[in-house]
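Please look at the sequence and the 3D structure below before reading on. The briefing takes up one helix and its surroundings, and then turns to pairs of charged side chains.

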Amino acid sequence: MNSKSGVTMDWDKLRIFHAVADAGSLTHAGDLLHLSQSAVSRQIRSLEESLDTTLFHRHARGLILTEQGELLFDATRAMAKKLDAATARIRDSEDEVFGELRVTTTIGFGTLWLAPRLAKLYEKYPDLKIDLMLEERVLDLPMREADIAIRMKEPSQADLIRKRLMGVHMCLFASPIYLEQRGTPLTVEDLSDHRLICQNISSAQVSAATYLVKELTMNDISSVLHVNNYFGVLQGVIHNLGIGILPDYLTFDFPNLVRVLPEVESVEVPVYMAYPEELRHSQRIAAFRDFVQEEIIAYRKCVKDQKIK
């Protein structure tokens, strides 16, 4: 005999319960499951008896979940989502590239470099659904807070596959209009006559950028605009507000920007990609990894071609 604290529920009965709760009707659920209404009704009654509770209020217009039924439906809905995700991962790992891929990276890299390039990935894999999580907080990949990460330092978490993608330097940029109006600084000391656009040293950013801001602001710069991410810094530069501290890869996506004081730059910031060991064979991971690496190769070629010129 089952006690309430030790009930073993039949998976098939739970599947039928979920269909009935979702459809709100024994008949509709039976049609979806290819079962007769009486067969569905027997399974629901058997489940209610095993739980010693009533799961549905029966009305002329259909079935309404009781409070206990709502609790069970919440559980079966979560189970159904996990099963769908598992099924997608199984199929994905074998042949096709589709389903959700949770990608995390910093706000700056995500908005300025990654997002503008994603159209190429979607063209190749239209059934891929990317959840792009842009934040400075490092998400826990082994605990599956995200599937894959691009970070501005080597990940320290265990059980990760990691690959160095490229190096970035923080540099000074301005718009041609701003420089025409205010003049081009020839020395670091000349920055005292200009407005500096940067992140506050207390905001979350790569340490190399923090050091560069500290170094430059030692020159008694009279006007500073602080923005809490690089996308905002870029907007300030584009709209002629001042000279901004930005990553050097912007040179290729925003060729109209002018590099100011080319000898002034931060130490190199390494860019790494990482994902859990257990996703090594995922086709979604492989598709995204290969796409990023192809874009990095194109970026490096641009750097090389520009140096030759």
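What follows describes a predicted model, beginning with a helix and ending with salt bridges.

**Helix α9 and its surroundings**

- Helix α9 covers residues 230–238, and within this stretch the residues Y230, V233, L234, G236 and V237 are buried.
- When one looks down the axis of α9, the buried residues fall within an arc of 160°, so they line one face of the helix.
- As background to this pattern, an α-helix has 3.6 residues a turn, so residues three or four places apart point the same way.
- The partners against which the buried residues of α9 pack include the helices α5 (107–114), α8 (207–216) and α10 (250–253), and they also include the strands β7 (170–174), β8 (195–198) and β10 (243–247).
- At the N-terminal end of α9, N229 acts as a cap, with a side-chain oxygen lying 3.1 Å from the backbone nitrogen of F231.
- Just after the helix α9, the residue N240 takes a positive phi of about 65°.

**Salt bridges between distant parts of the sequence**

- The count for the model comes to 15 salt bridges, and one of them joins R117 to D253, whose closest N and O atoms are 2.9 Å apart.
- Because R117 lies in the loop between α5 and α6 (118–124) while D253 lies in helix α10, this pair ties together parts that are 136 residues apart in sequence.
- The two partners can also be described by their accessibility: R117 is buried, with a relative accessible area of 10%, whereas D253 counts as partly exposed at 31% relative accessibility.
- Another salt bridge is formed where the side chains of K120 and E295 meet, with an N to O distance of 3.2 Å.
- Since K120 belongs to helix α6 and E295 to helix α11 (residues 283–308), the pair ties together parts that are 175 residues apart in sequence.
- In this pair, K120 counts as partly exposed at 48% relative accessibility, whereas E295, at 10% relative accessibility, counts as buried.

**A buried pair and a network**

- The side chains of R144 and D147 meet in a salt bridge with an N to O distance of 3.0 Å, and both R144 and D147 are buried.
- R144 and D147 also belong to a network of salt bridges, in which they are linked with R102 and E278.

Note on methods:
Residues numbered from 1 in each chain as written. Predicted model: local features only at pLDDT ≥ 70, side-chain atom pairs only at ≥ 80, totals over all residues. Heavy atoms only, no water. Buried < 20%, exposed > 50% of the residue type's maximum accessible area, 1.4 Å probe, protein only. Helix = DSSP H or I, 4+ residues; strand = E, 2+ residues; numbered from the N terminus. Arc of directions from axis to C-beta. Contact = heavy atoms within 4.5 Å. Polar contact = N/O pair within 3.5 Å; in protein donor to acceptor, adjacent residues only side chain to side chain. Salt bridge = Lys/Arg side-chain N within 4 Å of Asp/Glu carboxyl O.
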